[in-house]
Amino acid sequence: MSEYLVLARKYRPQTFDDLIGQDVLVRTLRNACKHDRLHHAFMLFGVRGVGKTTTARIIAKSLNCVGQSVDDRIRMQPCVVCHNCRAIAEGRHIDVLEMDAASHTGVDDIRQLIENARYRPVAGRYKIYILDEVHMLSKNAFNGLLKTLEEPPEHVKFIFATTEIRKVPTTILSRCQRFDLRRISINLLIKLFEKVCHNEKIEAEFDALKLLARVADGSARDALSLLDQAIALNANLITLDDTRQMLGLIDRIRIYEMYQAIMAGKILDALNILSKLYENGADPVIIIQDLMEVTHIVTCIKIAPEAAVNNNLSEAEREQSIALAKVMRMSSLTMAWQMLAKGISEVQASSLPIAAVEMIIIRIAYSAELPEPLDLMRMMHDKKILPTDVTYETTKTQTHLPTYASSIPIETIDMPSNASSNIAVDDSRNDFDNLNYETSQCSKNVISDSSVADVHPDKKSLAYNPNKILDPMPVDFAGVVKLAFQRGETILGTTLVTNVHPVLVKPGRLKLRPQGSIDHHHVFKLLTQYLQCWTGKKWVIEISNEKGSPTMMEQNEAQLAAIQSEFAAYPLIAKVLKLFPGAEIDNMTDFITEILVERGAL
Ligand SMILES: [Zn+2]
């Protein structure tokens with residue numbers, strides 16, 4: 001019986017056709033070869049285990065193979081069976097020198113190499129130098145290499161491989177043809193698994209292979225090593241459960257449940273799940289990594305819902321992720337990510353890793369419950385938090401109070417008693433669709449009325465219709481303006497805000513002074529008709545020369561200035577900044593708008 005060969009070696013790609021997931025590299029190389037533009041130096045860049053050395057050997061074989069047809073030569077297709085191919089595959093070819101730059105960093109090693117490069121190849125066409133982890137070379141070693149790279153002997157080819165391309169000097173990089181090796185996708189790894197399982201006559205559950213592929217993180221070598229382990233565990237059938245156990249992985253659904261509990265502030269529930277996971281042998285570090293992964297997935301789905309399809313998630317995971325993305329705030333997600341990322345090193349360094357995980361979970365659960373800075377400011381403004389109350393505990397409990405925004409009464413204008421006695425206010429007034437429908441009906445009436453009625457439109461009485469949805473009588477000019485905006489007459493509303501001074505305002509009667517170049521006859525005529533239509537009561541508007549109050553615009557500006565100075569003097573702002581380290585007050589427009597709305601100014 002022959003010695004067992006590990007899968008990673010047995011299935012090591014021997015030709016470019018076997019190499020999976022590196023289509024761009026293969027195409028570029030073949031094109032270069034076809035047009036006789038093959039460089040004398042290649043730089044292969046990619047993460048660990050992605051296939052750099054394998055690729056280097058395939059290139060070496062393609063260059064030195066003596067069993068190729070002309071066509072194969074152009075396609076860089078080694079025959080695999082000639083003595084050169086076999087020797088290179090086994091790493092014992094006399095003209096192909098593999099060197100680990102990590103252990104040969106000095107200038108002397110390079111000097112020796114350069115010296116050797118002067119002699120012609122013995123068995124192959126080229127002398128090929130494969131330098132792995134080339135970024136580890138010393139500065140002097142790089143300088144020594146540079147001269148040869150600038151004017152290389154015709155029979156010499158260099159193949160460099162590195163995991164850290166930025167550490168390679170630009171002088172070297174600029175003299176190489178660079179190839180970026182990509183992480184192999186999960187789907188391609190699964191296909192590789194299926195091929196290997198078929199060849200090895202092994203049955204495997206698809207979900208088990210998917211899990212192995214995910215853990216391999218884009219490395220074919222790691223993927224095949226994992227498959228080896230899974231086969232060793234159970235040679236007949238690779239199941240999802242066995243694979244999970246083998247990897248020390250925890251039930252993903254439990255992780256999602258824990259995540260939901262944390263984000264809902266249900267600390268006890270979260271800790272209970274954690275302790276069960278720990279009892280079942282879950283690694284504390286992996287728990288944190290899994291929570292990070294969930295955070296990442298949910299964040300991606302929140303930004304782009306199609307991420308749910310692209311991710312290699314199980315059906316249950318996908319559903320849970322989408323549900324979480326719907327309810328979670330982006331700020332909570334990013335904060336959770338930061339805390340987990342920071343926490344992972346705490347867990348690794350801790351002598352009580354599981355206790356460290358518990359503390360991280362508690363921290364995140366509390367922060368998820370904290371209001372956002374803007375909400376906090378609103379609450380403070382609303383005097384829901386008094387200066388002395390700004391402590392961690394208070395803030396937490398305060399979050400359960402109704403928010404500032406929802407506490408603003410929908411109707412800020414009180415209906416005068418005489419109006420309420422004879423105007424029936426339909427209960428369906430808040431129904432958005434009805435309101436819009438009625439508004440458009442009303443607008444049509446007014447427009448057709450005004451086009452027909454020419455001289456005294458205000459004397460034309462609009463019949464009171466008890467079925468029509470009516471607004472309460474505004475008691476001040478702000479109420480009149482608000483009504484115009486609510487009814488969708490924004491141009492009229494804006495004109496009233498910027499160009500009209502209220503002199504006298506009573507329900508049913510307005511004395512106004514127009515300002516600037518507006519057609520005030522037309523504006524006031526329209527306003528009269530609209531008010532009658534909206535309130536069901538007769539309105540009289542009088543044009544006045546008296547000074548009256550400032551325009552709404554002027555009033556708003558004054559209020560804004562007052563709020564801004566009030567805000568700047570707020571001692572609590574400093575406390576907010578203290579509570580959220582690194583936070584800055586960027587903009588308070590929304591806040592001011594809300595205050596103005598609340599005060600009836602808008
Ligand atoms: Zn060959």
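Start at Cys82 in this predicted model: select the residue and you are at a buried position, with a relative accessible area of 10%. Now add the zinc ion to the selection. Its donors are the SG atoms of Cys65, Cys79, Cys82 and Cys85, at 2.2 to 2.3 Å. Put angle labels on the site and you should get 100 to 122 degrees among the 4 donor atoms, which makes the geometry tetrahedral. Along the chain, the donors are spaced as C-x13-C-x2-C-x2-C.

Which accessibility class does Cys79 fall into? Cys79 comes out at 21% relative accessibility, and because buried means under 20%, this donor counts as partly exposed.

While you are here, pick Met76. Met76 sits in the loop between α4 (70-74) and α5 (83-89). Check its backbone: phi is near 55 degrees, a positive value in a residue other than glycine. Met76 is buried, at 1% relative accessibility.

For a counterpart, jump to Asp36, in the loop between α2 (23-34) and β1 (41-45). Phi of Asp36 is also positive, near 55 degrees, and again the residue is not a glycine. Buried or exposed? Asp36 is exposed, with a relative accessible area of 71%.

Next, select residues 52-64, which is helix α3. Try a quick ruler check on the C-alpha atoms at its two ends: they are 18 Å apart, and 13 residues at 1.5 Å a residue should span 18 Å, so the two agree. Switch on a surface for everything else and α3 is largely enclosed by the rest of the structure, because 12 of its 13 residues are buried. Among them are Lys52, Arg57 and Lys61, along with Ile58, Ile59 and Leu63.

Now for the sheets. Colour the strands of the open 5-stranded one, and read across in the order β2-β3-β4-β1-β5, with parallel pairing. The edges are β2 (96-100) and β5 (177-180); each has a single partner strand, so one side of each is left without a neighbour in the sheet. From one strand to the next, the twist averages 15 degrees.

Zoom in on β3 (residues 127-132) and β4 (residues 156-162), a parallel pair held over 5 bridges. Show Leu131 and look across to β4: the residue opposite is Phe160. Then bring in helix α6 (residues 107-117), which lies across β2, β3 and β4. Relative to β3, α6 runs at about 165 degrees.

Travel along the chain to helix α25, residues 477-486. Here 8 of the 10 residues are buried, so α25, too, is largely enclosed by the rest of the structure. Its buried residues include Phe477, Val480, Val481 and Leu483. After the helix comes Gly488, with a positive phi near 85 degrees.

Keep going and select helix α26 (residues 490-499), which lies across β8 and β9. The angle between α26 and β8 is about 100 degrees.

That takes you to another open sheet, made of 3 strands in the order β8-β9-β10, with mixed pairing. Which strands stand at its edges? They are β8 and β10, each with a single partner strand, so one side of each has no neighbour in the sheet. Direction ignored, neighbouring strands here are turned by 25 degrees against each other on average.

Take the two pairings in turn. β8 (residues 500-506) and β9 (residues 509-514) run antiparallel, joined by 6 bridges. Pro502 stands opposite Leu512 in β9, and Lys506 has Arg509 as its bridge partner. The hairpin of β8 and β9 has 2 residues between the strands, and Gly508 takes a positive phi near 90 degrees there. On to the other pairing: β9 and β10 (residues 540-543) run parallel, with 4 bridges. Click Leu510 and find its bridge partner in β10, Ile541.

Finally, zoom out to the whole protein. The secondary structure comes to 30 helices and 10 strands, and 45% of the 602 residues are buried. If you draw the contacts between residues at least 6 apart in sequence, 73% of them join residues at least 24 apart.

Definitions and conventions
Residues numbered from 1 in each chain as written. Predicted model: local features only at pLDDT ≥ 70, side-chain atom pairs only at ≥ 80, totals over all residues. Heavy atoms only, no water. Pairing = 2+ DSSP bridges. Axes fitted to C-alpha atoms, helices over the stretch in contact; angles between N-to-C directions. Contact = heavy atoms within 4.5 Å. Expected span 1.5 Å × (residues − 1). Buried < 20%, exposed > 50% of the residue type's maximum accessible area, 1.4 Å probe, protein only. Donors = N, O, S within 2.8 Å, 3.2 Å for Na, K, Ca; no water. Tetrahedral: all angles 85-135°; square planar, octahedral: opposite > 155°, others 65-115°.
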